[in-house]
Amino acid sequence: MSLTDAQRERYARHLSLKEVGEAGQERLLSSRVLVVGAGGLGSAAIPYLAASGVGYITVADGDVVDITNLQRQVMHAGRVGMNKALSAAEFVGQLNPDVHIEPITHHLAPFEMDIVERFDAVLDCSDNFPTKFALNDACVLAGVPLFHASVLRFEGLALTVLPDAPCYRCVFPNMPPEGTIPSSSEVGIMGVVPALLGVVQATECIKHLLGLGCSLRGVLMHYDALTMRCEYVEVEKSRECPVCGEHPTITRILPERYEQ
Ligand SMILES: [Zn+2]
């Protein structure tokens with residue numbers, strides 16, 4: 001595969017980076033990425049994955065765009081009432097015709113998560129713990145890189161989970177009981193916070209696809225918008241981890257494990 005003249009023009013600023021070049025751009029154009037969730041995180045990550053020329057993007061979300069989403073989910077502008085995966089597909093279609101975008105118009109359930117095997121990378125842009133834990137387990141079991149983020153109020157977390165690196169469960173072994181951690185609809189969220197974290201996920205993913213290193217491999221990033229500080233906590237692979245430890249108890253995805 002070689003780039004067309006139109007692609008050389010579109011990706012000129014990438015081609016000027018010797019670390020990317022034509023070979024890197026071709027790699028992006030042949031890459032397959034799954035984005036689970038097209039809310040605040042996805043609304044920031046998806047446009048930059050698409051603009052960068054990630055060639056095959058699948059977006060899963062069962063929600064419909066609501067007026068309260070537009071305080072942060074700017075990708076959905078003008079599409080109140082539309083399914084979010086379809087809205088993402090419409091946005092990407094207008095931004096970059098090189099991208100093959102596949103919308104999945106329902107919430108990805110644990111029993112479906114073996115589809116992660118079809119992708120070069122997965123972005124966890126979900127907003128609930130059952131999805132986050134099931135995605136981590138599915139990606140670890142399939143050996144597929146996972147780019148995690150979560151946000152609440154003025155803060156966010158990000159972690160890059162690569163095969164053989166510490167996983168989300170190495171840091172958080174078990175799902176918190178329902179109701180112990182509030183949702184953004186209960187305690188609020190500053191609109192720009194998920195945008196920043198979603199771009200961190202997209203950045204980590206694009207670097208990984210290009211082989212340019214991963215700064216959040218084994219490093220939990222904590223961002224606080226109020227102090228504008230980031231903390232980076234080194235995390236280790238846990239021998240007791242239930243999915244990637246020495247004696248794993250999670251060896252396949254059982255849907256009942258993710259019920260709250
Ligand atoms: Zn682990």
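**Close-ups of a predicted model**

**View 1. Serine 126 and its surroundings.** Serine 126 is buried, and its relative accessible area comes to just 9%. Like everything in these views, that value comes from a predicted model. Look for Ser126 in the loop that runs between strand 4 and helix 6 (129–142). Once you skip its neighbours within four places in sequence, the residues in contact with serine 126 are Val36, Leu41, Thr131 and Lys132.

**View 2. Glycine 78, out in a loop.** Is glycine 78 buried or exposed? Glycine 78 counts as exposed because its relative accessibility is 77%, and the cut-off for that label is over 50%. This glycine belongs to the loop between strand 2 and helix 5. If you want a distance to check, take valine 65: Gly78 and Val65 are 13 residues apart in sequence, and their C-alpha atoms are 9.5 Å apart in space.

**View 3. The zinc site.** Which residues hold the zinc ion's protein donors? They are Cys167, Cys170, Cys241 and Cys244, each offering its SG atom, 2.3 Å from the zinc ion. Angles among the four donor atoms run from 92 to 119°, and the site is tetrahedral. For reference, the ideal angle for four tetrahedral donors is 109.5 degrees. Along the sequence, the donor residues follow the spacing C-x2-C-x70-C-x2-C. Cysteine 241 and cysteine 244 are both buried.

**View 4. The largest nonpolar core.** This core has 40 residues, and the ones touching the most other members are Val33, Val35, Leu49 and Leu123. Elements giving two or more residues to this core include strand 1 (32–36), helix 4 (40–51), strand 4 (121–124) and helix 9 (192–210). Helix 9 gives the most, with eight residues. Zoom in on leucine 49: leaving out residues up to four places away in sequence, Leu49 touches Val33, Val35, Val54, Ile57, Leu123, Ala202, Cys205 and Ile206. Apart from this core lies another one, of 30 residues, with Ile104, Val122, Cys167 and Tyr168 among them. Cys167 is also one of the zinc donors from the previous view.

**View 5. Rings, and a charge over one.** How many aromatic pairs does a search of the whole structure find? Three turn up. Ring pairs join Phe129, Phe133, Tyr168 and Phe172 into a cluster. Elsewhere in this view, arginine 32 has its charged end sitting over the ring of tyrosine 56, at 4.1 Å from the ring's centre.

Methods
Residues numbered from 1 in each chain as written. Predicted model: local features only at pLDDT ≥ 70, side-chain atom pairs only at ≥ 80, totals over all residues. Heavy atoms only, no water. Donors = N, O, S within 2.8 Å, 3.2 Å for Na, K, Ca; no water. Tetrahedral: all angles 85-135°; square planar, octahedral: opposite > 155°, others 65-115°. Buried < 20%, exposed > 50% of the residue type's maximum accessible area, 1.4 Å probe, protein only. Core = buried A, V, L, I, M, F, W, Y, C linked by side-chain atoms within 4.5 Å. Helix = DSSP H or I, 4+ residues; strand = E, 2+ residues; numbered from the N terminus. Contact = heavy atoms within 4.5 Å. Phe/Tyr/Trp six-rings, centres within 6.5 Å; stacked < 30°, edge-to-face > 60°. Lys NZ or Arg CZ within 6 Å of the ring centre and 35° of its normal.
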